[in-house]
Amino acid sequence: MADRLAIEIIDKIKTLGDLEIQSLELTEIVFDLEDAYGIEIEMDTSEAWSNLTTVGDIVEATRALIASKS
């Protein structure tokens with residue numbers, strides 16, 4: 001069962017219509033998450049982009065950044 005954070009992120013992503021997320025769409029998702037949770041997701045390197053390949057990756061990266069703020 002998904003927790004609240006996962007549900008919120010899935011709600012943002014499902015508006016894209018399909019999960020074949022391209023880099024521009026991923027950028028929009030990242031900006032939305034940064035605004036919603038007051039975090040900064042480092043996206044300057046190709047390694048960072050390759051680490052966010054699934055919804056679960058995005059949820060866990062967001063969760064870790066929120067936790068590090070506390």
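**Figure 1. Helix H4 has the span expected for its residue count.** Helix H4 runs over residues 55-69, which makes 15 residues. At 1.5 Å a residue, helix H4 should span 21 Å. The expected span is 1.5 Å times one less than the number of residues. The end C-alpha atoms of H4 lie 22 Å apart, which agrees. Helices here are DSSP runs of H or I with at least four residues, strands are E runs of at least two, and both are numbered from the N terminus. This is a predicted model: local features need pLDDT of at least 70, and side-chain atom pairs count only at pLDDT 80 or more, while totals for chains, interfaces and linings use all residues. Residues are numbered from 1 along each chain as its sequence is written, and side-chain values use heavy atoms, with hydrogens and water left out.

**Figure 2. The whole chain is helical in its listed elements.** The chain has four helices and zero strands. From the N terminus on, the order is α-α-α-α. The chain has 70 residues, and 26% of them count as buried. Buried means under 20% relative accessible area, exposed means over 50%, and partly exposed lies in between (1.4 Å probe, protein chains only). Contact means heavy atoms within 4.5 Å. Take the contacts between residues at least 6 apart in sequence: 54% of them join residues at least 24 apart.

**Figure 3. Helix H4 has a buried side and a face turned away from that side.** Which residues of H4 are buried? They are Ile58, Val59 and Thr62. These three cover an arc of only 100° around the axis, which puts them on the same side of H4. The arc is taken from the directions from the helix axis to the C-beta atoms. An α-helix has 3.6 residues a turn, so residues three or four places apart point the same way. The face turned away from the buried side carries Ala67 and Ser68, which are exposed.

**Figure 4. Thr62 of helix H4 is buried.** Its relative accessible area is 0%. Which residues does Thr62 touch, leaving out those up to four places away in sequence? Thr62 touches Leu5, Ile9, Leu33, Tyr37, Ile39 and Ile41.

**Figure 5. Asp3, Glu60 and Arg63 form a network of salt bridges.** A salt bridge is a side-chain nitrogen of Lys or Arg within 4 Å of a carboxyl oxygen of Asp or Glu. By this rule, the count comes to three. Asp3 and Arg63 meet in one of them, at 2.8 Å from N to O. Asp3 lies in the segment before H1 and Arg63 in helix H4, so the pair ties together parts that are 60 residues apart in sequence. Arg63 also forms a salt bridge with Glu60, with the closest N and O atoms 3.4 Å apart. Arg63 and Glu60 are three residues apart in helix H4, which puts about one helical turn between them. Asp3 is partly exposed at 32% relative accessibility. Arg63 is partly exposed at 30%. Glu60 is partly exposed too, with a relative accessible area of 47%.

**Figure 6. Glu8 pairs with Arg4 in helix H1.** Helix H1 spans residues 4-14, and Glu8 is found there. The side chains of Glu8 and Arg4 meet in a salt bridge of 2.8 Å, N to O. The two residues are four apart, about one turn of the helix. Is Glu8 exposed or partly exposed? Glu8 is partly exposed, at 24% relative accessible area. Arg4 is exposed, at 65%. Glu8 and Leu33 are 25 residues apart in sequence, with 9.5 Å between their C-alpha atoms.

**Figure 7. Glu34 is buried without a salt bridge.** Glu34 sits in helix H2, residues 23-37. Lys and Arg count as positive, Asp and Glu as negative; His and the chain ends are not counted. Side chains of opposite charge can pair when their charged atoms come close. How far from Glu34 is the nearest side chain of opposite charge? That side chain is Lys69, 12 Å away. Neighbours within four places in sequence aside, Glu34 is in contact with Ile39, Glu40 and Ile41.
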